[in-house]
Amino acid sequence: LHTLFPYTTLFRSPIQPLDVIHGDLDSLHQTTRSWAVAHSTEVVLDPSQESTDFTKCISYISQHYLPKCDSAPDILVLGGLGGRVDQGVSVLHHLYKAPQLYPEGRIYLVSTSAITFLLTAGTHHIVVKNPQAPVLGNYVGILPVGFPARITTSGLRWDVEDWDTRFGGQVSTSNMVREAEITVTTSADVLFTIDLDVGEEE
């Protein structure tokens with residue numbers, strides 16, 4: 001919870017009482033626990049060391065929230081990047097496993113500066129400029145974290161066609177949005193990331 005307060009600016013909303021805090025709780029600050037208890041938030045311990053807090057929470061949502069929903073909600077993961085590199089890589093690893101972890105919906109990784117999600121092999125149309133919700137910025141990355149991929153894009157400043165991308169070779173970073181909708185065709189799963197355009201509230 002102590003990592004959520006920067007998102008009050010991003011979402012222009014104060015922190016609301018949480019339904020539950022779930023995980024092995026080894027990094028739960030005492031001040032955070034006290035705040036949670038004072039706001040009737042349930043604190044649920046899962047001591048297993050065979051899974052991360054990320055996967056614990058996805059499993060908890062699947063077991064306790066999905067049965068109550070008419071359709072599967074998407075999951076926003078706040079504060080997953082930043083800080084320790086190994087933890088950041090672990091989150092990206094689990095984002096790659098999203099179709100297995102949460103096949104009912106999509107998982108989005110949101111930081112205070114960007115949103116990142118998985119594009120499975122195939123063709124994807126992504127609306128990046130919506131006048132009704134001007135949230136997304138201009139800088140795009142398409143990252144083959146798991147396996148090499150061949151990608152084709154349209155709607156970016158530097159479009160590519162049947163372009164080989166892999167770590168240790170070519171990687172598409174710092175590209176820029178040219179059209180309101182962009183298209184990405186990929187031969188393998190890749191991560192798509194775009195910065196957030198968070199201006200000061202007038």
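**Group meeting: strand pairing, rings and cysteines**

Let me begin with strand β7, residues 136–143, which runs antiparallel to strand β12, residues 190–196, with five bridges joining the two. Before going on: this is a predicted model. To place that pairing on the screen, find Leu143, which stands opposite Leu191 in β12.

β7 has another partner to look at. With strand β10, residues 172–176, β7 pairs over three bridges, again in the antiparallel sense. A marker for this one is Val140, opposite Asn175 in β10. As a general remark, side chains in a regular strand alternate between the two faces of the sheet.

Next, the aromatic rings. The count of aromatic pairs is three. Take Tyr108 and Phe117: the ring centres are 5.3 Å apart and the planes are at 65°, so this pair is edge-to-face. The cut-off behind that label is over 60 degrees between the planes. Are these two residues, Tyr108 and Phe117, buried or exposed? Both Tyr108 and Phe117 are buried.

Now Phe117 with Phe192. The centres of these rings are also 5.3 Å apart, but the planes are at 45°, so the pair counts as tilted. This pair links distant parts of the chain: Phe117 is in strand β5, residues 114–119, and Phe192 is in strand β12, with the two positions 75 residues apart in numbering. Phe192 is buried, as is Phe117. Put together, Tyr108, Phe117 and Phe192 make up one aromatic cluster. Note that β12, where Phe192 sits, is the strand joined to β7 by five bridges.

There is also a charge over a ring. Lys68 lies over the face of Tyr65, and the distance to the ring centre is 5.5 Å.

Last, the cysteines. How many disulfides does the structure hold? The number is zero. For Cys57, the closest cysteine sulfur is in Cys69, and because the separation is 16 Å, that is too far for a bond. The cut-off for a disulfide is 2.5 Å between the sulfur atoms. From the other side, Cys69 is in no disulfide, and its nearest cysteine sulfur is that of Cys57, 16 Å away.

As for accessibility, Cys57 has a relative value of 29%, so Cys57 counts as partly exposed. Cys69 is partly exposed as well, with a relative accessible area of 32%.

To recap: β7 pairs with β12 and with β10, Tyr108, Phe117 and Phe192 form one aromatic cluster, and there are zero disulfides.

Notes. Residues numbered from 1 in each chain as written. Predicted model: local features only at pLDDT ≥ 70, side-chain atom pairs only at ≥ 80, totals over all residues. Heavy atoms only, no water. Pairing = 2+ DSSP bridges. Helix = DSSP H or I, 4+ residues; strand = E, 2+ residues; numbered from the N terminus. Phe/Tyr/Trp six-rings, centres within 6.5 Å; stacked < 30°, edge-to-face > 60°. Buried < 20%, exposed > 50% of the residue type's maximum accessible area, 1.4 Å probe, protein only. Lys NZ or Arg CZ within 6 Å of the ring centre and 35° of its normal.
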